[in-house]
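I opened this entry to keep track of what I looked up, chain by chain. The structure goes in first.

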Amino acid sequence: MTSSHAPLVKRLLLLVAGAFAFAFALVPLYNVLCEATGFNGKTAGQGTAKSGVIRDGFGIGGLTVGAAVATPAPSQIDRSRTVAVEFTGTVMPGLPWEMRPLTVSLDTHPGEMQQVRYLVRNTSSRPVTAQAIPSVTPGQAAQHFDKIECFCFSQQSLAPGESKEMPLTFIVKPDIDKDIRHITLSYAFFSIDGQREALTAKPEAKQ
Amino acid sequence: MNANFTEAELAQRRTASRRMAWLIGAVVLAIYIIGFFFKRG
Amino acid sequence: MSVATTTVPGHAGEHHGEHHPAGILRWLTTTNHKDIGTMYLTFALTMFFVGGAMILAVRAELWQPGLQLMKPEFFNQLIGIHALVMIFAALMPAATGFANWQIPLMIGAPDMALPRVNNWGFWLLPPAAILLTLPFTLALFGIGDGALATGWTFYAPLSVQGGLGVDFAIFAVHILGVSSILGSINIIVTIFNMRAPGMTMMKLPLFAWGWLITAFLLIATIPVLAGAVTMLLTDRHFGTHFFDAAGGGDPILFQHLFWFFGHPEVYILLLPVWGLMPHVLATFSRKPIYGYKAQVYGFIGIGVLSVIVWAHHFFTVGMPVPALIYFMFSTMAISLPLAVLFFCWIATMWKGAMSFETPMLFATGFIVLFGIAGLTGLVLADVAADAQYHHSYFVVAHFHYALFAGGIMGVMTGVYYWLPKWTGHMYDEKLGKWHFWLTVVSFNLTFIPQFFLGLAGMPRRIPDYALQFTEFNMISTVAAFILGLSQLLFAYNIWKCVKGGPKASDKVWEGAEGLEWQLPSPPPYHSWETQPVVK
């Protein structure tokens, strides 16, 4: 009886295996989609400017230092409109740091280069290394938000109690959609070492 | 429960269900039309 | 046609001189589709009460603002486990129980195609249910901090950071997934290979068609969920960064993976019920099913559309406008095949000689209430409106209309419709009618206020709320308790029917059509020893 069912069962099992593999295939597919559409707010200016891409989802995001984008000629600055950029930041659980933007928001013309700074302080009594991950809202603006210099390009280390002003230089590219008048740039600072242990080992500490 | 209806009873149920259907249809239509006369405050 | 003449009165498990071990060993080792169906249904009913008790505790907490009964962490655990229990341990096993009992009877097969696989499919469920709820008990002994507290959706990064309960839930989902896949493969093989001679695919009963589409959806999407929670597990313990932004992963990716499974899951839960409805409506309208082919194509259409609309569950996450528009329109497009089903159901009743026994009451109640689920779903599918309603009680009310009124009331329809066939006894009709009216009234009283709460801006998944929401929450809580207690009538009625009652005829219902009604009530231990021939 069962043997006559074997071919169909085999085909169905193949389908199951295929669907399971598809779930993992979605990971790189999703990254390609995000490259193409700015789906998830990943910002430009992290890959090499010429090839334009290579933001790998598996590596340490945003670590590849972008080749410096040439400062645009003044003619490229679109003075006919302004875009308001707001800055915010979060320190993820498990990292004994404080951070805040020294400029909360500013108005800029598309194409204009701007520099702002974040004040970051290590509140613990040990040296800590951390990595900032940027995110831009709305997602459509992400591709047009070029960071020329950013503390998020590399890991940052702070000595016990040390505080540091961390700079960020960026350009909102002139080809940004005219409907976008407001952009929020958010940083999340993650501890590099032992981060997950800190989160899962003492769950009661969260309460 | 497990009633076996006579032909007359079945016929009566058929008419009743049709009448009910039209009635429900009319009520729905009425609610739809009345909706046009409601203005937002 | 060979129809056994033995009609020994007795409950579902009664057997006829067959050789099998007695007692618990019989149930552990059984490969009989009826035994396994009975176990699935019993398990589903038990877990229905477990999940119900959890949500009554939640409703009690929501009786008034402020924290009365529990800590917010425990509240979060209850809502998440309530959903997982109801979906994976109540509704899905109930539907699989139906399939086990009915598909061989309806298509003229002696048993399911893969009986041993069938046994495994069931016995994976209890361990999974235990895994899911064990962290509650462990927390009492100071181990871990309780069950999964992320809601049933496991959203990263919360689930990456969560405690021990997340790991238990991940393994439970893995086991439940394997069980569903085994069940699905079995059902597909049974339907493809074991139909009675002459039963072409276009003569297949609609219930079997509905289940066939469900089975394919399960095979296509459950592995994606398994993949997603596996990534979650490796993120939590093995240093991968699929969803961990610190390592370059993306939490939003998890939402895509989850809802790629999650949206078809809704139709997985509902398709067996949609398959069952036309049979019930035709029986009690004493008319043939209207639009058989249209309904089959409707099922297929919905099955295909269901896998390409997932992102409407997180419109507010921030997507490019073209993506929003695509997901909005594709979601709304589902209402077209669904409307075909609705019109077929109504046309089946049109001019019928209707009588309103309990299954018919539940079936008509289902049409009305499930219609409300569909219409409020259209509201939520609208990107502009969704920005307002997302994550509010409006969503909670909407999906309870879909999954309680659409899913669970559909299962109740099936139970009342088929119970006399399974047990050989009629259930208590008066009790059944009481159960229906109490259920439908208290259900609406529970969830209509939640629509209003959502419109007024009350967010879901919170143990405390602003003062102005108090009255509606009180109504909802009182009605929820009535709804919960009314289900005891359901359990009692089933129990009473299994134990005894007026003898049911083979056909049970005057207007019933189909192979299953040609077998005695209850059917012999091996359903169709000789396959019937369908003309």
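My notes follow, beginning with chain C. I keep in mind throughout that this is a predicted model.

**Chain C: fold and size**

I began with secondary structure. Chain C has 17 helices and 0 strands. Next I checked its overall dimensions. The radius of gyration comes out at 23 Å, and the globule rule gives 24 Å for 535 residues, so chain C is as compact as a globular protein of that length. I also looked at the C-alpha trace along its principal axes. The trace of chain C spans about 70 × 50 × 45 Å.

Then I asked what share of chain C is buried. I found 59% of its 535 residues in that class. I turned to contacts with a separation of 6 or more. In chain C, 82% of these join residues 24 or more positions apart.

**Nonpolar cores**

Which residues touch the most other members of the largest nonpolar core? I got four names: Leu91(C), Leu132(C), Ala208(C) and Ala228(C). That core holds 193 residues. There is also a second, separate core of 36 residues, and its members include Val136(A), Cys150(A), Cys152(A) and Phe189(A).

I went back to Leu91(C) and listed its contacts, setting aside neighbours within four places in sequence. Met86(C) and Leu269(C) are on the list. So are Leu403(C), Gly407(C), Ile408(C) and Val411(C).

**Chain A**

I took chain A through similar checks. It has 3 helices and 9 strands. I wrote down their order from the N terminus: α-β-β-β-β-β-α-β-β-β-β-α. Buried residues make up 34% of the 207 residues in chain A. For contacts with a separation of 6 or more, I noted that 70% in chain A link residues 24 or more positions apart.

**Chain B and its contact with chain C**

For chain B I started from the record. The unreviewed UniProt entry annotates residues 20-38 of chain B as "transmembrane region". I then asked what secondary structure the model gives this span. Residues 20-38 of chain B are 89% helix and 0% strand. The C-alpha atoms at the two ends of the span lie 27 Å apart.

Last, I looked at where chain B meets chain C. I counted 15 residues of chain C in contact with 11 residues of chain B. I sorted the chain C side by class: 7 residues are nonpolar, 3 are polar and 5 are charged.

Technical notes:
Residues are numbered from 1 along each chain as its sequence is written. Chains are lettered from A and ligands numbered from 1 in the order in which they are written. This is a predicted model: local features need pLDDT of at least 70, side-chain atom pairs count only at pLDDT 80 or more; totals for chains, interfaces and linings use all residues. A nonpolar core is a set of buried Ala, Val, Leu, Ile, Met, Phe, Trp, Tyr and Cys residues joined through C-beta atoms within 7 Å. A residue is buried if 20 or more other C-beta atoms lie within 10 Å of its own, exposed if 12 or fewer, and partly exposed in between; C-beta atoms are placed from the backbone. Two residues are in contact if their C-beta atoms, placed from the backbone, lie within 7 Å. UniProt positions are given in the numbering used here, feature names are shortened, and annotations may be inferred rather than shown by experiment. Helices (H or I, at least four residues) and strands (E, at least two) are DSSP runs, numbered from the N terminus. Ala, Val, Leu, Ile, Met, Phe, Trp, Tyr, Cys and Pro count as nonpolar, Asp, Glu, Lys and Arg as charged, and the others, Gly among them, as polar. The radius of gyration is taken over C-alpha atoms; the globule rule is 2.2 Å times the number of residues to the power 0.38.
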